[in-house]
Amino acid sequence: MTQDTLPQAPARATVSQAEFRAAILNAQADVPEGLVNPDGQQASKRFSVYRNNVVHSLSEAMLTGFPVLTKLLGEEFFREMAKVYLRIHPPASQLMMHYGAALPGFLESFPGTLHLKYLPDVARLELALRRAYHAGDADPIDPAELTTLGQHELMEAHLTLAPACEVLQAKWPAKSIWDFNMADGPQPSAGGEDILISRIGYEPKTFLLPEGAAEFISSLLKGRSFGTTLGLATSNTPDFDLTATLTVLIAAQAITGIDRA
Amino acid sequence: MLNQRNTTTLPDGAGVGYKPQHFQDLLNAPGAVTWLEIHAENYMGDGGRQIAQLRHLADHFPISVHGVGASIGGETRLDPEHLARLKKLVDWLNPASFSEHLAWSTHDSAFLNDLLPLPYTKDTLTRVTAHINEVQDLLGRKMLLENPSSYLAFAESTWSEPDFIREVARRTGCGLLLDVNNVFISATNLEFEALDYLDAYPLELVEEIHLAGHDEDADELGRKLLIDSHGKPVDEPVWALFDHVIARTGARPALIEWDNDVPDWEILESEAARATAQMEAVVAGQSLMVSA
């Protein structure tokens, strides 16, 4: 192919990437002038190959990333919704593993889903599970290490939690909905759930938290000492159960270090 | 021409695009597969199973890191956060090769997760050259640049694609990744001869070859329109072009790309075996001619 055999358009219009991008994300937009078929005529269907590729790849990423939402809404509906979402919220980063971070808010206002109040919490849980899957590796401590600390030492200590650890305070039973759809769990019953997301080995897992544990863990995640954290927890939740909370943290392999002050 | 190639540590044999579902098969029965290619962006998390598996595989296979998100052809400056992630990956993995595309994917901080086309002009030549220099300087290594698959052309282009690629390589010192399937797709879609393209293309700079399957569609006038789908076996005309190329370059690291509707291991391996067999046949034929 030499330069003089290149297709010639009547006008040698230049196409900016802003124009190209806008036409990709808007199926109704005109194909930018200057994109041509082999005969030099204005391209149309050939441009929609790029449109379709973008919509397809972003929709697939959404579908893969939100398996429970896809099941709850049905694949056909989810795909149509994804097409609306991706035009408003194209990926802000090249890391498709985290694509869809704005979906909880979107679901709250999207006409097709706004009446399904539990969906945003399910989306938050699915996003947290993905973050946990890709989070940094850290080995849990031997729980016996906790018992080697004296009372004062423990209160001054800072517990390091695994990078995969997150707390989700859901107004709806997001973990039960996830378990029911993905792990043959029982029928969910109404009511909020405080959930710890962690990773056992390479497998993200969720754990129901007792009352006050979400605030306790969040305080640890902020880097506050064990004593300060416990004080906050017991003042917020008079019957805060430290043993039950630590039992969940140990089962979740969430504690990865004890930093003695 | 054989001896002019820059050294690379990818073997001159068949590789496959790595899919996690083939992890055990690759370790148990790699068959013809002698190296692996990964998409850089899938391994930019902080940890977890995917990175652990990659670490393990890297002990057994040379790895090629293939980026799809750097937006080398972008109008705006390269995303520094993305470059930092890329550097982190390349630094810890120390892959045998790093490659990226002559395409763009990011504009105004929106990443479109597709390889979008650019016109070939004086301006885009300057831009692509600067971006490749930036990537190579940052990574401290040569990168390979892959030719795109095209569905349409830009009226404003003043360079042919092979000439553009040759000039980019001359200015940056980058190596080339020749995607033979992309040449076939673009030749069909833009109605030029694939062999003319290859005649004009700097084959002496090719350090890796891609082979993949495509889908067939038609445009609004019923003209054949091939789609770069990576979801099928390599098509016969693409195998024939591959023969044409390796007859000129000799055996090269040749990759089977199969990203959608990923098949069972045996099927993917058989494609790699075919690539190996074709390269062995060409090399054997050439040594016969030399000794004759």
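A salt bridge is a side-chain nitrogen of Lys or Arg within 4 Å of a carboxyl oxygen of Asp or Glu. Keep that rule handy for this tour. The model on your screen is a predicted one, and by this rule it has 23 salt bridges over all chains.

**Stop 1: a bridge inside chain A**

Select A:Glu60 and A:Arg79. Here you'll find a salt bridge, with the closest N and O atoms 2.9 Å apart. Since the cut-off is 4 Å, the pair qualifies. Now colour the helices: A:Glu60 sits in helix H2 of chain A and A:Arg79 in helix H4 (residues 75–88), so the bridge ties together parts that are 19 residues apart in sequence. Switch on the surface and check both ends. A:Glu60 is partly exposed, at 27% relative accessibility, and A:Arg79 is partly exposed too, at 25%.

**Stop 2: a bridge between chains**

Stay on helix H2 of chain A, but go to A:Lys45. Which residue does the side chain of A:Lys45 meet in a salt bridge? Select B:Asp217, and you'll see the two side chains meet at 3.4 Å, N to O. This pair crosses between chains: A:Lys45 belongs to helix H2 (residues 45–65) of chain A, while B:Asp217 belongs to strand S11 (residues 215–218) of chain B. Is A:Lys45 buried or partly exposed? With a relative accessibility of 29%, A:Lys45 counts as partly exposed. B:Asp217 is also partly exposed, with 35%.

**Stop 3: along one helix of chain B**

Hop over to chain B and select B:Lys87 and B:Asp91. Their side chains form a salt bridge of 3.2 Å, N to O. Follow the backbone from one to the other: they are 4 residues apart in helix H3 of chain B, which means about one helical turn separates them. B:Lys87 is partly exposed at 27% relative accessibility, and B:Asp91 is partly exposed at 46%.

For a bigger selection, try A:Asp39, A:Arg46, B:Asp219 and B:Arg223, which are joined into one network by salt bridges that share partners.

**Stop 4: a tryptophan in helix H3**

Go back to helix H3 of chain B (residues 80–93) and pick B:Trp92. Its relative accessible area is 29%, so B:Trp92 is partly exposed. What does B:Trp92 touch, if you don't count residues up to four places away in sequence? Select B:Ile51, B:Leu54 and B:Arg55 to see the answer. Try the distance tool on the last of these: the C-alpha atoms of B:Trp92 and B:Arg55 are separated by 9.4 Å, although the residues are 37 apart along the chain.

**Stop 5: a negative patch on chain A**

Finish on the surface of chain A. Select A:Glu211, A:Glu215, A:Asp239 and A:Asp241, which together form a negative surface patch.

Zoom in on A:Glu211 first. You'll find A:Glu211 in the loop between strand S5 (203–208) and helix H10 (213–221) of chain A. A:Glu211 is exposed, at 59% relative accessibility. Apart from its neighbours within four places in sequence, A:Glu211 is in contact with A:Thr237, A:Asp239 and A:Phe240. To get a feel for scale, stretch the distance tool to A:Leu114: A:Glu211 and A:Leu114 are 29 Å apart, C-alpha to C-alpha, and 97 residues apart in sequence.

Now click on A:Asp239. Where does A:Asp239 lie? Look in the loop between helix H11 (226–236) and helix H12 (242–251) of chain A. A:Asp239 is exposed, with a relative accessible area of 60%.

Terms used: Residues are numbered from 1 along each chain as its sequence is written. Chains are lettered from A and ligands numbered from 1 in the order in which they are written. This is a predicted model: local features need pLDDT of at least 70, side-chain atom pairs count only at pLDDT 80 or more; totals for chains, interfaces and linings use all residues. Side-chain values use heavy atoms; hydrogens and water are left out. Patches are made of residues with over 30% relative accessible area and no salt bridge: like charges are joined within 9 Å, nonpolar side chains (Val, Leu, Ile, Met, Phe, Trp, Tyr) within 5 Å. Accessible areas come from the Shrake-Rupley method with a 1.4 Å probe; for residues, only the protein chains shown count as cover. Lys and Arg count as positive and Asp and Glu as negative; His and the chain ends are not counted. The place of a charge is taken as NZ of Lys, CZ of Arg, CG of Asp or CD of Glu. Helices (H or I, at least four residues) and strands (E, at least two) are DSSP runs, numbered from the N terminus. Buried means under 20% relative accessible area, exposed over 50%, partly exposed in between (1.4 Å probe, protein chains only). Contact means heavy atoms within 4.5 Å.
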